[in-house]
Amino acid sequence: MNRPLAALLLGASAATQAQAPQTVETVATGLDRPWAVAFLPGGDFLVSEKPGALRIVSAKGEIGAPLTGLPAIDFAGQGGLLDVVPDRDFERSRALSFCFTEPGTGADKGRNGSALARALLKADRSGLEQVQVIFRQAPKLEGRHHFGCRIVETADGQSLFMTLGERYKGMQQAQTLDNELGKVVRVLKNGQPHPGNPFLKTAGARPEIYSLGHRNPQGLMLDEQGQLW
C-alpha cells in the first residue's frame with residue numbers, strides 16, 4: 001500500500017498561527033509503508049519503509065533507490081524497518097542509527113525482536129557501510145506485535161535511548177528487570193550500557209535498562225533542557 005509522505009508546514013508566522021490554518025504540502029508519494037522520516041543537511045530526507053527499504057527523498061520529492069547494506073529484516077505485522085536517526089554531527093561523520101525487527105537464528109529461529117544498529121552513509125549516498133548491530137532485545141519471541149523501536153540521541157551525542165515494546169505476549173515481563181521487554185534502554189554508541197543507568201549494579205538486572213513497565217512506546221524525544229519524554 002502506497003501512502004503519501006506529508007511534510008513542511010508553510011506560511012503562518014508565530015503571531016498568526018492561532019488565527020490561520022496551516023498549509024500542508026505533499027512532498028512525495030509512492031513510498032511503501034513509510035515509518036520514519038529524518039531530515040538531512042541540505043533539505044533531503046531519509047525515509048524508512050517497513051518492508052525493509054531505506055531511501056533518500058530529495059527536497060523536491062524525488063525518491064531514490066533503496067540504500068544497500070541493510071541487515072536481514074523481519075517484516076511481519078507491526079515489525080520491519082522502523083526508526084532512523086542521523087547523528088548530530090551527521091554532516092561531518094555521515095553516521096546514523098536505525099532500529100528494526102531482527103529475525104532469530106539458531107535456537108531463536110522462528111522468533112524475532114527489536115535491534116539497534118549503527119552505520120555510515122556512503123559518500124556517494126548509494127548505501128550504508130560499517131553496519132554494526134550494537135544492541136539486541138532479549139529475549140526474542142514469536143509474534144508480530146509491539147516492537148517499540150523509537151530512537152533518540154542524547155544531548156551530548158555520546159549515547160542513545162531506544163524504546164522496546166513488551167511484544168504483547170511478554171506483558172508480565174515488562175515489570176521485571178531480567179529482560180528487555182517493555183523497556184527503554186540507554187546504550188553508548190558502541191553498544192555498551194550507559195554508566196549512569198539506574199540498574200547497572202542491580203543483581204540480575206539487564207544493565208541497559210533505563211526505565212521499565214512500558215507497553216509499546218513509539219514516541220520519544222528530548223526537550224530543550226535535554227530531558228527525555
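Visitor: What counts as a contact when T163 is said to touch other residues?

Guide: Contact means heavy atoms within 4.5 Å. In this predicted model, T163 touches F147, G148, C149, R150, K183, V184, P217, G219 and L220, leaving aside residues up to four places away in sequence.

Visitor: Where is T163 placed?

Guide: T163 sits in strand β11, which covers residues 159-164.

Visitor: Why is T163 called buried?

Guide: Buried means under 20% relative accessible area. T163 has 1%, so the residue counts as buried.

Visitor: What makes the link between the side chain of T163 and R150 a polar contact?

Guide: The side chain of T163 reaches the backbone nitrogen of R150 at 2.9 Å. A polar contact needs N or O atoms within 3.5 Å, so a distance of 2.9 Å falls inside the limit.

Visitor: How far is T163 from P21?

Guide: Their C-alpha atoms are separated by 33 Å, and the two residues are 142 apart along the chain.

Visitor: Which elements does the chain contain?

Guide: The chain has 1 helix and 13 strands. From the N terminus the elements run β-β-β-β-β-β-α-β-β-β-β-β-β-β.

Visitor: Why is the chain called as compact as a globular protein of its length?

Guide: The radius of gyration is 18 Å, and the globule rule gives 17 Å for 229 residues; the two values are close, so the chain is as compact as a globular protein of that length. Along its principal axes, the C-alpha trace spans about 55 × 40 × 35 Å.

Visitor: What share of the residues is buried?

Guide: Of the 229 residues, 46% count as buried. The chain exposes about 11500 Å², and carbon and sulfur atoms supply 50% of that area.

Visitor: What part of the contacts joins residues 24 or more positions apart?

Guide: Such pairs account for 52% of the contacts with a separation of 6 or more.

Visitor: What is the strand order in the open sheet that includes β4?

Guide: The order is β3-β4-β5, with antiparallel pairing. The edge strands are β3 (34-39) and β5 (53-57), since each pairs on one side only. From one strand to the next, the twist averages 20 degrees.

Visitor: How do you know that β4 and β5 pair?

Guide: Two strands pair if there are at least two bridges between them. Strand β4 (residues 45-49) and β5 have 5 bridges, so they count as paired, in the antiparallel sense. One of the bridge partners in β5 is V57, which faces F45 in that role.

Visitor: What makes β8 and β9 a pair?

Guide: Strand β8 (residues 112-121) and strand β9 (residues 128-136) have 6 bridges, and at least two are needed, so the strands pair; the sense is antiparallel. In β9, F135 is the bridge partner of L116. The hairpin of β8 and β9 has 6 residues between the strands.

Visitor: Why are R33 and R125 called partly exposed?

Guide: Partly exposed lies between the 20% and 50% limits. R33 has 30% relative accessibility, so it falls in that range. R125, at 35%, does so too.

Visitor: What phi does each of these residues have?

Guide: R33, in the loop between β2 (23-32) and β3, has a positive phi of about 50 degrees although it is not a glycine. R125, in the loop between β8 and β9, has a positive phi of about 65 degrees and is not a glycine either.

Visitor: Is the peptide bond from A138 to P139 cis or trans?

Guide: The bond is cis, with omega near 0 degrees. P139 lies in the loop between β9 and β10 (151-153).

Notes
Residues are numbered from 1 along each chain as its sequence is written. This is a predicted model: local features need pLDDT of at least 70, side-chain atom pairs count only at pLDDT 80 or more; totals for chains, interfaces and linings use all residues. Side-chain values use heavy atoms; hydrogens and water are left out. Helices (H or I, at least four residues) and strands (E, at least two) are DSSP runs, numbered from the N terminus. Buried means under 20% relative accessible area, exposed over 50%, partly exposed in between (1.4 Å probe, protein chains only). A polar contact is a pair of N or O atoms within 3.5 Å; within protein, one must be able to donate a hydrogen and the other to accept it, and residues adjacent in sequence count only if both atoms are side-chain atoms. Axes are lines fitted to C-alpha atoms, for helices over the stretch in contact, and angles run from 0 to 180 degrees between N-to-C directions. The radius of gyration is taken over C-alpha atoms; the globule rule is 2.2 Å times the number of residues to the power 0.38. Accessible areas come from the Shrake-Rupley method with a 1.4 Å probe; for residues, only the protein chains shown count as cover.
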